[in-house]
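Let's take a walk through a protein model together. Keep the picture open and follow along as we go from an open space, to a closed one, to the helices around them.

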Amino acid sequence: MTQERPVWSSKLTFILAAVGSAVGLGNIWRFPYIMGQNGGAVFLVVYLFLILTICFVPMMAELALGKHTKKECVKVYEDVSPKLKLLGYLNPFTGVLISSFYFIVGGWIVNYIVKSLADYKITDYASYFSSFVKDEKSVIIYTLVFLFICIFLTARGIKRGIEFANNVLMPLFAVLLVGLLIFSLSLPNAHLGLEYMFKPDFSKLNGHMLLSALGQALFTLSIGMGALLTYGSYIKEDKSITKSAYTIIFSDTLFALLAGIMIFPAIFSFGLEVDSGAGLVFVTLPYIFSQIPHGNIFAFAFFVLLFAAALTSGISILEVSFATITERFNISRIKAATILFFGVGSISVPAVLSFDKLSNYTIFSKTFFDFLDFVTANIFMPLNALILCLIAGWCYKIKGDTIIKNVVLAKLFDIGLKFVIPVVLVVVLYMGLK
Ligand code: TRP
């Protein structure tokens with residue numbers, strides 16, 4: 001029996017799912033910490049520039065390829081030439097690698113939800129986080145719980161669940177973020193955080209930062225791993241994708257900026273380290289909540305909403321592998337779920353252990369967790385985006401005027417897709433890895 005392909009029930013469902021895929025831990029957790037490691041404002045300038053110029057093209061190309069072919073991504077590559085099959089597999093493979101650290105961070109969130117419910121007063125925030133991540137048994141359990149929930153929802157089908165999370169929870173999340181941001185701005189020395197975020201020092205510009213900004217831009221918009229291609233393949237033929245792309249870019253950037261303006265003033269006010277890495281938000285947030293009357297309630301609401309945001313993104317990361325496994329091998333969604341649970345889990349466990357027991361084992365002087373994060377966003381995703389642009393432009397001959405109404409933009413898109421963007425991606429990859 002062949003599996004029936006899913007279809008979005010309405011245009012709105014598709015847009016919401018795509019926005020839900022974009023807005024997630026990438027905005028709240030990854031964006032502040034990568035910006036903190038890359039010099040603040042100057043990173044923000046480069047990041048915004050890349051989002052507004054470079055990212056639009058591969059985003060549209062992915063959506064268009066999905067919409068036109070109605071296939072899962074490996075097949076899209078294979079149809080060009082069987083030799084490209086392996087490159088196609090790089091997409092779900094990247095997805096599995098992303099999942100294996102994304103769900104760990106999701107697990108941390110589950111832990112913070114539980115702690116806020118227990119009215120747990122954390123007094124030493126920095127050491128709370130660093131001792132919690134070393135409590136490997138609990139982290140593994142929380143990670144697997146989050147992974148299980150996400151896989152379960154994805155296995156049930158892409159539409160149910162996503163709609164509720166996006167329709168109701170995301171607007172609520174935006175409101176809560178604005179509230180917390182106003183509070184954060186009222187803290188002493190908040191202006192130092194704003195300066196850090198908005199006053200660029202261009203002498204800090206370098207190739208490594210450029211690649212980090214590109215990696216973050218692709219990661220946060222979910223470009224370069226077949227997720228948008230897969231979501232695009234469930235679109236009914238007559239729907240335009242240009243507006244969807246604008247909506248995704250706009251909402252995603254909004255959430256990232258809100259998160260930044262909430263976090264950085266607090267970091268400077270409490271005298272924390274901006275470049276402390278993956279724990280940054282998880283150390284800073286408890287400080288903020290501890291200063292607010294009834295902070296536990298806000299903490300609970302915040303982490304539940306962040307959980308929902310992570311869920312809708314996690315679903316999109318998993319859906320790529322679901323589509324490939326079910327359609328290529330004609331395996332049911334339930335069996336695919338089991339395969340993915342064990343597959344992702346088996347990479348997640350050593351990644352959790354890399355915070356303590358395996359912390360001495362480093363790859364390019366990064367722990368396994370940091371390595372997974374680095375290699376997916378900064379190497380695999382730009383590489384996948386590069387290959388996709390070339391395939392879409394040269395093999396499928398995706399044309400701007402079939403997807404974009406504005407004539408000038410459509411022409412620019414054609415040139416961008418075939419020449420400019422691939423060259424830029426190669427140059428940034430080269431400069432960043434040199
Ligand atoms: N964009 C999501 C975030 O910001 C993460 C994500 C979802 C993703 N789907 C993806 C990243 C596909 C890369 C590829 O949290």
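How do the residues of the lining of the largest pocket divide into nonpolar, polar and charged? Keep in mind that you're looking at a predicted model. The answer is 12 nonpolar, 12 polar and six charged residues. The pocket they surround has a volume of about 570 Å³. It has 30 lining residues, and those closest to its centre are Tyr33, Gln37, Ser276, Gly277 and Ala278, so try finding these five to get your bearings.

Now zoom out a little and ask which helices supply that lining. Two or more residues each come from H2 (25-37), H7 (125-132), H11 (207-221), H14 (280-291) and H17 (368-395). H17 gives the most, with five residues.

Next, let's look for a space that is closed off. With a lower limit of 30 Å³, the count comes to one cavity. That cavity has a volume of about 140 Å³. Its lining is made of 16 residues, and Ser21, Phe219, Ser222, Ser313 and Ile317 are the closest to its centre. The elements giving two or more residues here are H1 (11-22), H2, H6, H11 and H15 (295-329). H15 has the largest share, with three residues. What about the chemistry of this lining? It divides into eight nonpolar and eight polar residues, with no charged ones. Compare that with the pocket, where six charged residues take part in the lining.

You may have spotted H2 in the list for the pocket and again in the list for the cavity. Let's see how this helix sits against two others. Start with H6 (residues 85-117): H2 packs against H6 at an angle of about 95°, with the two axes 12 Å apart. An angle from 65 to 115 degrees counts as roughly perpendicular, and therefore that is how H2 and H6 are described. On the H2 side, the contact involves Leu25, Gly26 and Trp29. Across from them, H6 brings Phe101, Tyr102, Val105, Gly106, Trp108 and Ile109. Sorted by class, this contact has seven nonpolar and two polar residues, and no charged ones.

Now turn to H14. The axes of H2 and H14 come within 8 Å and cross at roughly 105°, which makes H2 roughly perpendicular to H14 as well. Here Ile28, Trp29, Pro32 and Tyr33 of H2 meet Leu280, Val281 and Phe282 of H14. This contact has seven nonpolar residues, with no polar and no charged ones. Look again at Trp29: this residue takes part in the contact with H6 and in the contact with H14. Tyr33 is worth a second look too, as it meets H14 and is one of the residues closest to the centre of the largest pocket.

Our last stop is another pair of helices, H10 (residues 190-198) and H13 (residues 242-270). They pack at an angle of about 130°, and their axes are 7 Å apart. That angle makes H10 oblique to H13. The crossing of H10 past H13 is right-handed. From H10, the residues in contact are Ala190, Leu192, Gly193, Leu194, Tyr196, Met197 and Phe198. They meet Leu257, Gly260, Ile261, Phe264, Pro265 and Phe268 in H13. By class, that comes to 11 nonpolar and two polar residues, with no charged ones.

How values were computed. Residues numbered from 1 in each chain as written. Predicted model: local features only at pLDDT ≥ 70, side-chain atom pairs only at ≥ 80, totals over all residues. Heavy atoms only, no water. Axes fitted to C-alpha atoms, helices over the stretch in contact; angles between N-to-C directions. Helix = DSSP H or I, 4+ residues; strand = E, 2+ residues; numbered from the N terminus. Parallel < 35°, antiparallel > 145°, perpendicular 65-115°, else oblique. Left-handed = near helix turned anticlockwise from the far one by under 90°. Contact = heavy atoms within 4.5 Å. Nonpolar A, V, L, I, M, F, W, Y, C, P; charged D, E, K, R; others polar. 1 Å grid on protein atoms, 1.4 Å probe; cavity = no way out; pocket = protein on both sides within 12 Å on 5 of 7 lines; lining within 4 Å. Points joined across faces, edges and corners; volume = space filled by probe spheres on them.
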